[in-house]
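Biologist: I should like to learn how to read the salt bridges of a protein model. Please begin with the general layout of the chain.

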Amino acid sequence: MARAGFLLPPTKGYHFLDGPYVEYKGSIPAEQRPEMVKKLQAAFQELVSEDIETKIQVLPKQEAEDICNRVAENFFNMSDYGDDTVRIVTVAGWPCPCGGTHVRSTQQLKERKWGVVGLKCKKGVVRVKYGQNWDGE
């Protein structure tokens with residue numbers, strides 16, 4: 001999102017084959033959405049081609065908060081996590097708390113033609129959808 005020129009705070013992600021997406025707090029005017037999708041698609045493909053390694057760490061809550069909230073205060077509320085430690089996944093330099101499955105490198109997404117396939121905006125939430133067999137159109 002940031003690489004495409006949009007700084008919306010991420011709030012939720014779903015990274016499974018039956019409909020992966022990432023949600024952000026904010027809204028995008030309807031007339032700007034087609035251009036935003038194009039920018040997101042281009043930024044996604046740049047990240048894939050750069051072959052950036054995914055980093056996974058288990059950190060104390062305070063350290064996780066310091067790392068994850070470096071862009072804007074309270075992107076992530078670490079008090080939502082019950083344990084003393086939080087699993088942090090860093091992809092392309094952007095850390096976030098996540099317990100999901102991730103590729104080892106952005107380059108692995110190229111094999112199955114992953115890409116941004118669209119977005120929806122509703123009630124102050126922008127949902128960016130991505131998926132396999134993206135044809136670049």
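Modeller: This is a predicted model. From the N terminus, the elements of the protein chain follow the order β-β-α-β-α-β-β-α-β-β, which gives three helices and seven strands. Of its 137 residues, 34% count as buried.

Biologist: How many salt bridges does a search of the whole structure find?

Modeller: A salt bridge requires a side-chain nitrogen of Lys or Arg within 4 Å of a carboxyl oxygen of Asp or Glu. The search of the whole structure yields three.

Biologist: Which residues are joined into one network by salt bridges that share partners?

Modeller: Arg3, Glu46 and Glu50 form that network. The side chains of Arg3 and Glu46 meet at 3.7 Å, N to O. Arg3 lies in the segment before β1, whereas Glu46 belongs to helix α1, 43 residues apart. Arg3 also forms a salt bridge with Glu50, with the closest N and O atoms 2.7 Å apart. Glu50 is in the loop between α1 and β3, 47 residues from Arg3.

Biologist: Are Arg3, Glu46 and Glu50 buried or exposed?

Modeller: Buried means under 20% relative accessible area and exposed over 50%, with partly exposed in between. Arg3, at 40%, is therefore partly exposed; so are Glu46, at 39%, and Glu50, at 42%.

Biologist: Which parts of the chain does the pair Glu23 and Arg127 tie together?

Modeller: Their side chains meet in a salt bridge of 2.5 Å, N to O. Because Glu23 lies in strand β2 and Arg127 in strand β7, the pair ties together parts 104 residues apart in sequence. Glu23 is buried at 11% relative accessible area, whereas Arg127 is partly exposed at 29%.

Note on methods
Residues are numbered from 1 along each chain as its sequence is written. This is a predicted model: local features need pLDDT of at least 70, side-chain atom pairs count only at pLDDT 80 or more; totals for chains, interfaces and linings use all residues. Side-chain values use heavy atoms; hydrogens and water are left out. Helices (H or I, at least four residues) and strands (E, at least two) are DSSP runs, numbered from the N terminus. Buried means under 20% relative accessible area, exposed over 50%, partly exposed in between (1.4 Å probe, protein chains only).
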